[in-house]
Amino acid sequence: MKTHWGLMNRYVVVMASAMLLLLLGTTGFKSSNSLPRQTITADTSKWPSTFSFGKVATEQQIDSVAIAILPNGTGLPPGLGTPKEGNVIYITKCASCHGANGKAAAGEKLPAPELASDSISKIKTIGNYWPYATTIFDYVRRAMPYNAPGSLTNNEVYSITAYLLSANNIIKPDMVINAHNLYKINMPARKLFIPDDRRGGPEVR
């Protein structure tokens, strides 16, 4: 009898548990897929015109970050530089990555791209690939040197730009460059670039 009643008790417990799970599964625990979708619409009628976060940027603050330079010279700041001055700055702040003369020495692997082209190699550098001289100034000012981008003065950037142009035999070693003549320098590769002005379908950029 003890064995019989023990089996009966176990049977009752199992059945009761099964019924409880069935009941909960059909009422209390509904899957998210079975719930109706609710669209929440915020009442913005009582929102203030401003939440008092931040403040209006001044013209000076905007100018400090709006430093893009266009191929026609728009955006070039006051200043000037020469290849001779740029050579000194280049050796101090650029040569460790780009090589003493903008090129890798024999058997040397630079941690950064070469910047001066020659008549032998086909490596894409400033001298044989970049279409606009203003791009040199723009890129150096915002991104170089690698360990302290944005730390160069405008005169330093003009000087480094002049040195790189001279190292690529694009300008004379004694030329002074500034905002008035940098954009006028004709880069050898400019004629190799064709504007993508296709229309009539998805534009490629």
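This is a short walk through the fold, its largest pocket and one loop residue. The model is predicted.

Start with the protein chain as a whole. The chain holds 7 helices and 2 strands. Read from the N terminus, its elements follow the order α-α-β-α-α-α-α-α-β. Of the 205 residues in the chain, 27% are buried. The exposed surface comes to about 15,500 Å². Carbon and sulfur atoms account for 60% of that area. Now take the contacts between residues at least 6 apart in sequence. Among these, 58% link residues at least 24 apart.

Next, the empty space. Rolling a probe the size of a water molecule over the atoms reveals where such space remains. The largest pocket has a volume of about 440 Å³. Its lining consists of 24 residues. Nearest the pocket's centre lie His 98, Ala 112, Leu 115, Tyr 139 and Met 144. Which helices supply at least two residues each to the lining? Helix 4, helix 6 (134-143) and helix 7 (154-167) each do so. By residue type, the lining splits into 17 nonpolar, 4 polar and 3 charged.

Helix 4 also leads to the last stop. The loop between helix 4 (95-98) and helix 5 (126-129) contains Asp 118. Is Asp 118 buried, exposed or partly exposed? Its relative accessibility is 33%, so Asp 118 counts as partly exposed. The cut-offs behind that call are under 20% for buried and over 50% for exposed. Asp 118 can also be placed relative to Asn 128. The two are 10 residues apart in sequence. In space, their C-alpha atoms are 8.6 Å apart.

How values were computed:
Residues numbered from 1 in each chain as written. Predicted model: local features only at pLDDT ≥ 70, side-chain atom pairs only at ≥ 80, totals over all residues. Heavy atoms only, no water. Helix = DSSP H or I, 4+ residues; strand = E, 2+ residues; numbered from the N terminus. Buried < 20%, exposed > 50% of the residue type's maximum accessible area, 1.4 Å probe, protein only. 1 Å grid on protein atoms, 1.4 Å probe; cavity = no way out; pocket = protein on both sides within 12 Å on 5 of 7 lines; lining within 4 Å. Points joined across faces, edges and corners; volume = space filled by probe spheres on them. Nonpolar A, V, L, I, M, F, W, Y, C, P; charged D, E, K, R; others polar. Contact = heavy atoms within 4.5 Å. Areas by Shrake-Rupley, 256 points an atom, 1.4 Å probe, with all protein chains shown as cover.
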